[in-house]
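Thanks for sharing this one with me. Here are my notes, set out as numbered points so that you can follow them with the model open beside you.

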Amino acid sequence: MSWELLLWLLALCALILLLVQLLRFLRADADLTLLWAEWQGRRPEWELTDMVVWVTGASSGIGEELAFQLSKLGVSLVLSARRVQELERVKRRCLGQNGNLKEKDILVLPLDLTDTSSHEAATKAVLQEFGKIDILVNNGGRSQRSLVLEASLDIFKELINLNYIGTVSLTKCVLPHMVERKQGKIVTVNSIAGIAAVSLSSGYCASKHALRGFFNSLQSELGQYPGITICNVYPGPVQSEVVKNALTEELTKPMRNIDQSYKMATSRCVRLMLISMANDLKEVWISDHPVLLGAYIWQYMPTLALWLNYKLGKKRIQNFKNNLDPDLPYKLWKTKRD
């Protein structure tokens, strides 16, 4: 075989590989590394059994679904949020769907992330109940739907205190225990808004960008503890109560009800999260297109991303002021595609 023919074959193989990757990307609902792990990686059913998992924000949405799917893996669960009755409901759901779990396997532990003085006692309560914490899932937090000019400064303080300071505080309480054992997983549910910028969510974006910086820095500081892994999860639009519970212009002003049914199913998002945990992936993006494509543009072409964000942001703000869903263009695109 001549060298010229060999080079042509190599070029053809490279072209075919590129086309295959392009087709995979067009159909993707997560970054390609995560989808590869779903196909060829370790299974959550193999890797996450017999662990103690502490989930914050477990009373609804992603946190509730995560607790439900984890309960099928035979883990011991700690469910935390502020709404005790909702936590008890989630516990009953987990026990009702899995006959192998007993009452003692699920601890309902009410927790207010903004009350950082209570985090040390909460951590000690978990250790006293189960003796260890294998995985901490930082899922608690709130979103925002308001313009900077119209939002009270209290909104920004609340978002930083809840989404960022509260998460950092709880992590700092759990981390010494993991360092002592030289193993553990810290999983933080961030957002594509922690990579990009989103109009009407300036305070939310700020808190999520802060989390990204903190946990990426923490990961570099834990180099001497290879058994402790940090996983940052960046979901896009997902069916949950995050929009329903979003902060508006004032702390006491409720968010109007907006349809969420067109967004990614919570069960799919959580399944991909479990795969990322089982494979110790450091950063994962979970979203349908065009939001997933937008994340790649923000990562690799920020100037283009800023221009697109300016164009799309005007439409988003106009919809919001007209009492329409700010995500209406995405909803129409998703509905048409489906």
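1. Let me begin with a definition. A charge sits over a ring if NZ of Lys or CZ of Arg is within 6 Å of the ring centre and within 35 degrees of the ring normal. In this predicted model, Arg93 lies over the face of Phe68, at 3.9 Å from the ring centre. If you want to look at a cation and a ring together, you could start with Arg93 and Phe68.

2. Next, the sheet. It is open and has 7 strands, ordered β3-β2-β1-β4-β5-β6-β7, with parallel pairing. At the edges are β3 (106–108) and β7 (283–286), each of which pairs on one side only. From one strand to the next, the twist averages 15°.

3. Strand β2, residues 76–80, deserves a closer look. How many of its residues are buried? The count is 5 of its 5 residues, and the strand is mostly covered. In a regular strand the side chains alternate between the two faces of the sheet. Here Ser76, Val78 and Ser80 point one way from β2, while Leu77 and Leu79 point the other way, and all are buried.

4. The neighbours of β2 come next. Strand β1 (residues 52–56) pairs with β2 in the parallel sense over 5 bridges, and Val55 stands opposite Leu79 in β2. The pairing of β2 with β3 is also in the parallel sense, over 3 bridges. There, Leu77 has Ile106 in β3 as its bridge partner. As for the connection, β1, helix α4 (residues 61–71) and β2 make a β-α-β unit that is right-handed.

5. Now to β6 and β7. Strand β6 covers residues 228–235 and runs parallel to β7, with 4 bridges joining the two. Among the residues facing each other, Pro235 stands opposite Ile286 in β7, and Val233 stands opposite Val284 in β7. Which hand does the crossover from β6 to β7 have? The chain passes from β6 through helix α9 (residues 266–278) to β7, and this β-α-β crossover is left-handed. I would look at this one alongside the β1-α4-β2 unit, which is right-handed.

6. On to the aromatic rings. Searching the whole structure gives 5 aromatic pairs. One of the pairs is Phe214 with Phe215: the ring centres are 4.9 Å apart and the planes stand at 85°, which is over the 60 degrees required, so the pair is edge-to-face. Phe215 has 0% relative accessibility, which is under the 20% limit, so this residue counts as buried. Ring pairs also link Tyr164, Phe214 and Phe215 into a cluster.

7. Another aromatic pair is Tyr296 with Tyr300, which is stacked, at 6.2 Å centre to centre and with 25° between the planes. Both residues lie in helix α10 (residues 291–300), 4 residues apart, about one turn of the helix. Is Tyr300 buried or exposed? Its relative accessibility is 60%, above the 50% cut-off, so Tyr300 counts as exposed.

8. Helix α7 holds several buried residues that you may like to inspect. Asn163 lies in helix α7 and is buried, with a relative accessible area of 1%. Not counting residues up to four places away in sequence, Asn163 touches Gly141, Arg142, Glu158, Tyr204, Ser207, Lys208 and Leu211.

9. Gly166 is also found in helix α7, which spans residues 153–181. At 0% relative accessibility, Gly166 counts as buried. Which residues does Gly166 contact, leaving aside its neighbours within four places in sequence? They are Leu113, His119 and Asn161. For a sense of scale, the C-alpha atoms of Gly166 and Tyr262 are separated by 31 Å, and the two residues are 96 residues apart along the chain.

10. Last comes Thr167, likewise in helix α7. Thr167 is buried, with a relative accessible area of 3%. Apart from neighbours within four places in sequence, Thr167 is in contact with Asn138, Gly140, Leu162, Leu211 and Phe215. That list leads back to the ring cluster, since Phe215 is linked there with Tyr164 and Phe214.

Definitions and conventions:
Residues are numbered from 1 along each chain as its sequence is written. This is a predicted model: local features need pLDDT of at least 70, side-chain atom pairs count only at pLDDT 80 or more; totals for chains, interfaces and linings use all residues. Side-chain values use heavy atoms; hydrogens and water are left out. Two strands pair if DSSP finds at least two bridges between them. Axes are lines fitted to C-alpha atoms, for helices over the stretch in contact, and angles run from 0 to 180 degrees between N-to-C directions. Rings of Phe, Tyr and Trp (its six-membered ring) pair if their centres lie within 6.5 Å; planes under 30 degrees apart count as stacked, over 60 as edge-to-face and the rest as tilted. Buried means under 20% relative accessible area, exposed over 50%, partly exposed in between (1.4 Å probe, protein chains only). Contact means heavy atoms within 4.5 Å. A crossover is right-handed if, with the strands pointing away from the viewer, the path from the first strand over the helix to the second runs clockwise.
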